[in-house]
Amino acid sequence: MTQQELCRLAMDMRSRAYAPYSKFTVGAALECADGTVFTGCNVENAAYGETICAERVAVTKAVSEGHRDFVRLAVAGGSEDFCYPCGSCRQVLREFAPGLEILCLNGKGEVHALTLAQLLPHSFGPEYL
Ligand code: THU
């Protein structure tokens with residue numbers, strides 16, 4: 001899949017978001033080494049703390065379907081700013097893919113590409129246990 005196709009999937013997933021409280025819709029598309037892609041959107045809750053981000057929806061879908069070998073993630077927000085994964089999502093992604101490439105998109109579809117290691121340096125992971 002091309003970078004543009006992965007980004008398009010993430011952008012399209014924003015329409016599935018359930019974000020009545022923040023109105024901030026996010027879509028994610030997570031690519032595995034074998035080419036399989038899992039998508040996600042943010043799902044909010046009236047008990048605000050139970051909200052789950054688009055990236056973690058994609059990760060949990062993938063892991064529950066037997067996929068853990070992630071290579072690339074696209075995450076799309078709707079504002080002028082690039083949508084960077086929150087701290088919790090960075091840590092969850094780190095568990096499976098410390099070398100993950102991340103494509104962060106803004107509402108115009110512009111991309112800021114970086115790595116998980118840049119977003120979460122000196123991180124803690126399963127090999128420390
Ligand atoms: N959100 C995501 O889904 N991913 C991010 O990378 C940033 C934040 C969601 C959580 C919440 O539903 C809304 O955006 C506002 O924080």
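This report describes a predicted model of a protein with a bound ligand, beginning with the sheet and ending with the ligand site.

## The sheet

Five strands form an open sheet in the order β2-β1-β3-β4-β5, and the pairing within this sheet is mixed. The edges are taken by β2 and β5 (111-115), each of which has a single partner strand, so one side of each is left without a neighbour in the sheet. On average, and with direction ignored, neighbouring strands of this sheet are turned by 15 degrees against each other.

The pairings can be followed across the sheet, starting at the β2 edge. Strand β2 (residues 37-41) runs antiparallel to β1, and five bridges join the two. Within this pair, Ala28 has Gly40 of β2 as its bridge partner. On the way to β4, β1 also pairs with strand β3 (residues 70-76), in the antiparallel sense and over six bridges. Here Cys32 stands opposite Phe70 of β3.

The parallel pairing joins β3 to strand β4 (residues 101-105) over five bridges. In this pair, the bridge partner of Val75 is Cys104 in β4. Finally, β4 and β5 pair in the antiparallel sense, again over five bridges. Glu101 stands opposite Thr115, a residue of β5.

## Strand β1 and its surroundings

Is strand β1 (residues 27-32) mostly covered or mostly open? The strand is mostly covered, for six of its six residues are buried. This cover extends to both faces of β1. On one side, Gly27, Ala29 and Glu31 are all buried, and on the other side the buried residues are Ala28, Leu30 and Cys32. The list thus includes Glu31, which is buried along with Gly27 and Ala29.

## Turns and positive phi angles

Two hairpins of the sheet contain a glycine with a positive phi angle. In the hairpin of β1 and β2, four residues lie between the strands, and Gly35 takes a positive phi near 95 degrees. In the hairpin of β4 and β5, five residues lie between the strands, and Gly109 has a positive phi near 85 degrees.

Positive values also occur in residues other than glycine. Lys23 has a phi near 60 degrees and is located in the loop between α1 (3-13) and β1. Lys23 counts as exposed because its relative accessibility is 65%, and the cut-off for an exposed residue is over 50%. His122 has a phi near 50 degrees, likewise a positive value in a residue other than glycine. The place of His122 is in the segment after α4 (116-119), and with a relative accessibility of 86% His122 counts as exposed.

## Two further residues

Tyr48 is part of the loop between β2 and α2 (54-64). Its relative accessibility is 61%, so Tyr48 counts as exposed. A distance of 29 Å separates the C-alpha atom of Tyr48 from that of His112, and the two residues are 64 residues apart along the chain.

Cys89 belongs to helix α3 (residues 87-96). With a relative accessible area of 1%, Cys89 is buried, since buried means under 20% relative accessible area. Between Cys89 and Gly77 the C-alpha to C-alpha distance is 15 Å, and the two are 12 residues apart in sequence.

## The ligand site

Which residues come nearest to the ligand? There are 13 residues around the ligand, and Asn42, Glu44, Cys53, Ala54 and Glu55 come nearest. The residues of this shell divide into eight nonpolar, three polar and two charged.

Three atoms of the protein that lie close to an oxygen atom of the ligand are set out in the table below.

| Residue | Protein atom | Distance to an oxygen atom of the ligand |
|---|---|---|
| Glu44 | polar side-chain atom | 2.5 Å |
| Ala54 | backbone N or O atom | 2.9 Å |
| Tyr84 | backbone N or O atom | 3.3 Å |

The ligand has 370 Å² of accessible area on its own, and the protein covers 79% of that area. Glu44 approaches the ligand with a polar side-chain atom, whereas Ala54 does so with a backbone N or O atom. Tyr84 also places a backbone N or O atom at 3.3 Å from an oxygen atom of the ligand.

Methods: Residues numbered from 1 in each chain as written. Predicted model: local features only at pLDDT ≥ 70, side-chain atom pairs only at ≥ 80, totals over all residues. Heavy atoms only, no water. Near = heavy atom within 4 Å. Polar contact = N/O pair within 3.5 Å; in protein donor to acceptor, adjacent residues only side chain to side chain. Areas by Shrake-Rupley, 256 points an atom, 1.4 Å probe, with all protein chains shown as cover. Nonpolar A, V, L, I, M, F, W, Y, C, P; charged D, E, K, R; others polar. Buried < 20%, exposed > 50% of the residue type's maximum accessible area, 1.4 Å probe, protein only. Pairing = 2+ DSSP bridges. Axes fitted to C-alpha atoms, helices over the stretch in contact; angles between N-to-C directions.
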